[in-house]
Amino acid sequence: MSSRRSRGSVSEEEINELISRLQTLLPSARRRGGNQASTTKLLKETCSYIKSLHREVDDLSDRLSDLMATMDQNSPGAEIIRSLLR
């Protein structure tokens with residue numbers, strides 16, 4: 001068993017702790033409260049949530065690009081946006 005651990009295997013206790021921590025990060029799991037979801041369902045929800053975050057980031061990036069394209073690049077507003085992106 002110790003040789004398996006040295007190669008990066010994770011104990012069942014560690015997996016349960018990671019699943020518990022993951023539940024605290026997902027909005028849908030937080031709304032459920034104390035109801036435990038299956039690990040499979042939780043991982044599917046996690047994937048869906050990550051995909052939705054990616055879509056949101058892409059949308060915000062597109063909107064920011066559109067905004068920057070219409071602004072005078074030397075304006076105070078453009079400078080504020082650039083400083084936020086650093």
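**Entry 1: Ile19 and the core**

I began with Ile19 in this predicted model, and, leaving aside residues up to four places away in sequence, I found that Ile19 touches Thr39 and Leu42. I then looked up the largest nonpolar core, which has five residues, and Ile19 is listed there together with Leu22, Leu26, Ala29 and Leu42. Leu42 therefore turns up in both searches, as a residue touched by Ile19 and as a member of that core, where buried residues are joined through side-chain atoms within 4.5 Å.

**Entry 2: H4 against H5**

Next I turned to how two of the helices are placed, H4 covering residues 39-70 and H5 covering residues 76-85. Two packed helices are described by the angle between their axes and the distance between the axes. For H4 and H5 I noted that the axes come within 10 Å and cross at roughly 145 degrees, and that the crossing is left-handed. Looking up the residues that meet there, I wrote down Leu64, Leu67 and Met68 from H4, and Ala78, Ile81, Arg82 and Leu85 from H5.

**Entry 3: the loop between them**

I looked into the loop between H4 and H5, where Ser75 has its place. Is Ser75 buried or exposed? Ser75 has a relative accessible area of 17%, and I count the residue as buried because the limit for that class is under 20%. I also followed the side chain of Ser75, which reaches the backbone oxygen of Asp72 at 2.9 Å.

**Entry 4: salt bridges**

How many salt bridges does a search of the whole structure find? The search gives three, and I took them in turn.

In H4 I found Arg63 bridged to Asp59, with the closest N and O atoms 3.7 Å apart; this pair is accepted because the cut-off is 4 Å. Both residues lie in H4, four residues apart, which is about one turn of the helix. Their accessibilities fall into separate classes in my notes, since Arg63 counts as exposed at 53%, whereas Asp59 is partly exposed at 39%.

In H5 I found Glu79 bridged to Arg82, the closest N and O atoms being 3.1 Å apart. Here the two residues are three apart within H5, again about one turn of the helix. Glu79 has a relative accessibility of 34% and counts as partly exposed, and Arg82 is likewise partly exposed, at 27%. I recalled that Arg82 is also among the H5 residues that meet H4, so I entered this side chain under both headings.

**Entry 5: Glu79 and Arg86**

Which residue makes the other salt bridge with Glu79, at 3.2 Å between the closest N and O atoms? I found that the partner is Arg86, whose place is in the segment after H5. The side chains of Arg86 and Glu79 are also joined by a polar contact of 3.2 Å. Arg86 counts as exposed because its relative accessibility is 70%, and the class requires over 50%. I closed the entry by recording Glu79, Arg82 and Arg86 as linked in a network of salt bridges, with Glu79 taking part in the bridge to Arg82 and in the bridge to Arg86.

Methods: Residues numbered from 1 in each chain as written. Predicted model: local features only at pLDDT ≥ 70, side-chain atom pairs only at ≥ 80, totals over all residues. Heavy atoms only, no water. Salt bridge = Lys/Arg side-chain N within 4 Å of Asp/Glu carboxyl O. Buried < 20%, exposed > 50% of the residue type's maximum accessible area, 1.4 Å probe, protein only. Polar contact = N/O pair within 3.5 Å; in protein donor to acceptor, adjacent residues only side chain to side chain. Contact = heavy atoms within 4.5 Å. Axes fitted to C-alpha atoms, helices over the stretch in contact; angles between N-to-C directions. Left-handed = near helix turned anticlockwise from the far one by under 90°.
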